[in-house]
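Me: Please take a close look at one part of this model and set out what surrounds it. Connected prose is fine, with cut-offs given once.

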Amino acid sequence: MRSLASAATFALPLLALVLIWAVVVGAFDVDPRLFPGVPAVGRAAAEAIADGTLLGHVAASMWRVVAGTVLALVVAIPMGILMGVSPGISSFFTPIFRFFSVLAGIAWIPIATLWFGYGFGAIVFVIFNAVFFVVTYNTLLGVASIPMQLRHAAASLGAGPWQLVTQVLLPGALPNIVTGIRTGLGFAWRGLIAAEMIATNVGLGYMLFVARDFYRTEVIVFGMIVIGVLWLLIDRLLLVPLERATMERWGMVRAA
C-alpha cells in the first residue's frame with residue numbers, strides 16, 4: 001500500500017500538468033504547428049508504437065547510454081581511488097578535473113564528431129565525458145572521507161593493498177560513487193539527446209530533430225515525454241533504490 005501511495009503521489013503532479021496542458025491548448029485554440037493538443041500527441045504515440053519506430057529509437061539511445069556509462073565507470077572509479085590515496089596525484093589532477101568537468105558532455109559534441117565521425121563512437125564519447133569526471137571526483141571525495149585510523153587499522157591487521165582497496169576504500173566510498181553515478185547519468189542523458197540530434201540517424205534525439213523539419217510538433221512533444229519518462233524510470237527504479245541501499249548498508253550517509 002505504501003508503494004502504491006508513493007507512486008500515486010509522485011504521478012499526481014504529472015497528471016495535473018497534462019490536464020492544464022489540455023485545458024490551455026483547447027481554451028486558447030493554439031495552432032498545432034506551434035504546440036499540439038493531447039489527442040494529437042496520443043495519436044503520434046500510437047503510430048510510433050505500432051510501426052516500431054519508437055522501440056528502435058529507445059533501444060539505440062539506451063544502448064549508447066549503457067556503453068558510455070560502463071566505459072566511464074571502468075576508468076573513473078580506479079582513477080578516483082588512486083587520487084584519494086595519493087595526495088600528490090590528487091593535487092596534480094584536481095585542477096584538471098575541475099576544468100574539464102565544466103566542459104563534460106554537450107561541449108564535446110563538435111570535436112567528438114571530428115574524431116569519431118557521425119554515429120555510435122561520437123555519442124558514446126560524449127556520454128563517457130559526462131559520467132567520467134563526475135564519478136571520478138565523487139570517488140575521490142568518498143575515499144578522502146574515510147578516516148585514516150580505519151586504513152591504519154586494516155593495515156595493522158594484515159590487509160595488503162588489494163584488500164585495503166576492496167574491503168575498506170571501495171566500500172567506504174560507495175555512497176559517494178553511487179551519488180556520482182546518479183548525477184553523471186543525468187548529465188549523460190542530456191548529452192545523449194543533444195548528440196543524437198547531430199551525430200546519428202537513429203535515437204530519441206534524432207526523432208525530435210527530424211520531426212522539427214516537418215513541423216510535427218506532436219511527435220516532438222511525444223518524444224520529450226518519452227525522454228522524461230525514461231529518465232524517471234531509470235532514476236526511481238534503479239538509481240534511487242541503489243543509492244538508498246548503499247547508504248543504509250554502509251551507514252556512511254544519512255538516507256533521504
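Reply: Gly105, directly after helix 4, has a positive phi of about 95 degrees. Helices here are DSSP runs of H or I with at least four residues, strands are runs of E with at least two, and both are numbered from the N terminus. The model is predicted, so local features require pLDDT of at least 70 and side-chain atom pairs pLDDT 80 or more, while totals for chains, interfaces and linings take in all residues. Residue numbers start from 1 along each chain as its sequence is written, and side-chain values use heavy atoms, without hydrogens or water.

Helix 4 itself covers residues 87-103, 17 residues in all, and its first and last C-alpha atoms are 25 Å apart. That is close to the expected 24 Å, where the expected span is 1.5 Å times one less than the number of residues. Helix 4 nevertheless bends by about 35 degrees at Phe93, with Pro95 following within four residues; the bend is the angle between axes fitted to the seven residues ending at a position and the seven starting there. Its buried residues are Ser90, Thr94 and Phe97. Buried means under 20% relative accessible area, exposed over 50%, and partly exposed in between, with a 1.4 Å probe and protein chains only. Helix 3 (53-85) and helix 6 (120-144) are among the elements that cover these residues.

Helix 5 follows at residues 109-116, with Ile109, Ala112 and Thr113 buried. Those three lie on the same side of helix 5 because they cover an arc of only 100 degrees around the axis, the arc being that of the directions from the helix axis to the C-beta atoms. The face turned away from this buried side carries the exposed Pro110, Leu114 and Trp115. Cover for the buried residues of helix 5 includes helix 6 and helix 8 (161-199), where contact means heavy atoms within 4.5 Å. Just after helix 5, Gly117 has a positive phi of about 80 degrees.

Helix 8, one of those covering helix 5, has 39 residues, yet its end C-alpha atoms are only 43 Å apart, short of the 57 Å of a straight helix. Helix 8 bends by about 50 degrees at Leu174, and Pro175 follows within four residues.
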